[in-house]
Amino acid sequence: SGKLEVYHTGEYFVSNVPILGGIVYYVFKAHSYWLAFATSYHLKYYAFRSETDEEEEMEEMSRADLPLHLLINVLPYEIKSFFYGIVGVDPG
């Protein structure tokens with residue numbers, strides 16, 4: 001059917017230093033939220049949509065380095081749309 005589901009499972013982490021255990025917990029939790037956001041963003045705006053070479057380049061940049069892509073290509077659009085009220089246009 002063309003669908004693929006991926007599940008990630010983790011192991012338990014036990015630390016003798018409670019602060020270290022808390023730091024590791026929150027780092028992995030933040031990473032899991034970022035991974036979920038980045039995957040859904042890429043699938044929503046770029047995956048399987050490229051028809052031209054420019055769109056393929058944007059998809060590749062989104063896949064290779066999403067934080068840089070958001071900073072260079074998406075953030076300026078979001079700032080303009082915030083100040084000028086541009087609504088209903090995909091940032092990609």
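How many residues apart do Glu 60 and Arg 63 lie in helix 2? The exercises below start from that pair and then move through the rest of the model.

This is a predicted model, in which local features need pLDDT of at least 70, side-chain atom pairs count only at pLDDT 80 or more, and totals for chains, interfaces and linings use all residues. Residues are numbered from 1 along each chain as its sequence is written, and side-chain values use heavy atoms, with hydrogens and water left out.

**Exercise 1. Place Glu 60 and Arg 63, then trace the salt bridges around them.**

Solution. Step 1: Glu 60 and Arg 63 are three residues apart in helix 2, about one turn of the helix. Helices here are DSSP runs of H or I with at least four residues, strands are runs of E with at least two, and both are numbered from the N terminus.

Step 2: look at the charged atoms. Side chains of opposite charge can pair when their charged atoms come close. A salt bridge needs a side-chain nitrogen of Lys or Arg within 4 Å of a carboxyl oxygen of Asp or Glu. Glu 60 and Arg 63 form one, with their closest N and O atoms 2.9 Å apart.

Step 3: add the second partner. Glu 59 also meets Arg 63 in a salt bridge, at 3.0 Å from N to O. Because Glu 59 and Arg 63 are four residues apart in helix 2, about one helical turn separates them.

Step 4: compare the two glutamates. Buried means under 20% relative accessible area, exposed means over 50%, and partly exposed lies in between (1.4 Å probe, protein chains only). Glu 59 has 10%, so this residue is buried; Glu 60 has 43%, so this one is partly exposed.

Step 5: put the pieces together. Salt bridges with shared partners join Glu 59, Glu 60 and Arg 63 into one network, and a search of the whole structure finds two salt bridges.

**Exercise 2. Find what His 42 touches.**

Solution. Step 1: locate His 42, which sits in helix 1. Step 2: check its cover; the relative accessible area of His 42 is 13%, so His 42 is buried. Step 3: list its contacts (heavy atoms within 4.5 Å). Not counting residues up to four places away in sequence, His 42 touches Ala 47, Glu 59, Ser 62 and Arg 63. Two of the names from the salt-bridge network, Glu 59 and Arg 63, thus turn up again.

**Exercise 3. Does the end-to-end distance of helix 3 agree or disagree with its expected span?**

Solution. Step 1: work out the expectation, which is 1.5 Å times one less than the number of residues. For the 19 residues of helix 3 (residues 66-84) this gives 27 Å, and the end C-alpha atoms are 25 Å apart, which agrees.

Step 2: look along the helix. A kink of about 45° lies at Val 74, shortly before the proline Pro 76. The bend at a residue is the angle between axes fitted to the seven residues ending there and the seven starting there.

Step 3: see what follows. After helix 3 comes Gly 85, with a positive phi near 75°.

Step 4: try helix 1 as well. With 28 residues, helix 1 reaches 41 Å from its first C-alpha to its last, close to the 40 Å expected.

**Exercise 4. Sort residues of helix 3 into buried and exposed ones.**

Solution. Step 1: the buried residues of helix 3 include Leu 66, His 69, Leu 70, Val 74, Tyr 77 and Ser 81. They pack against helix 1 (18-45) and helix 2 (53-64).

Step 2: take Leu 70 as a case. Its relative accessible area of 18% makes Leu 70 buried. Leaving aside neighbours within four places in sequence, Leu 70 contacts Trp 34, Phe 37, Tyr 41 and Leu 75.

Step 3: turn to Leu 71, also placed in helix 3. Leu 71 counts as exposed because its relative accessibility is 53%.

Step 4: Leu 71 belongs to a nonpolar surface patch with Leu 68, Ile 72, Leu 75, Ile 79, Phe 82, Phe 83 and Tyr 84, about 910 Å² of accessible area together. Patches take residues with over 30% relative accessible area and no salt bridge, joining like charges within 9 Å and nonpolar side chains (Val, Leu, Ile, Met, Phe, Trp, Tyr) within 5 Å. Accessible areas come from the Shrake-Rupley method with a 1.4 Å probe; for residues, only the protein chains shown count as cover.

**Exercise 5. Is the phi of Phe 48 positive or negative?**

Solution. Step 1: recall that most residues other than glycine have a negative phi. Step 2: the phi of Phe 48 is positive, near 65°. Step 3: Phe 48 lies in the loop between helix 1 and helix 2, and with a relative accessible area of 79% Phe 48 is exposed.
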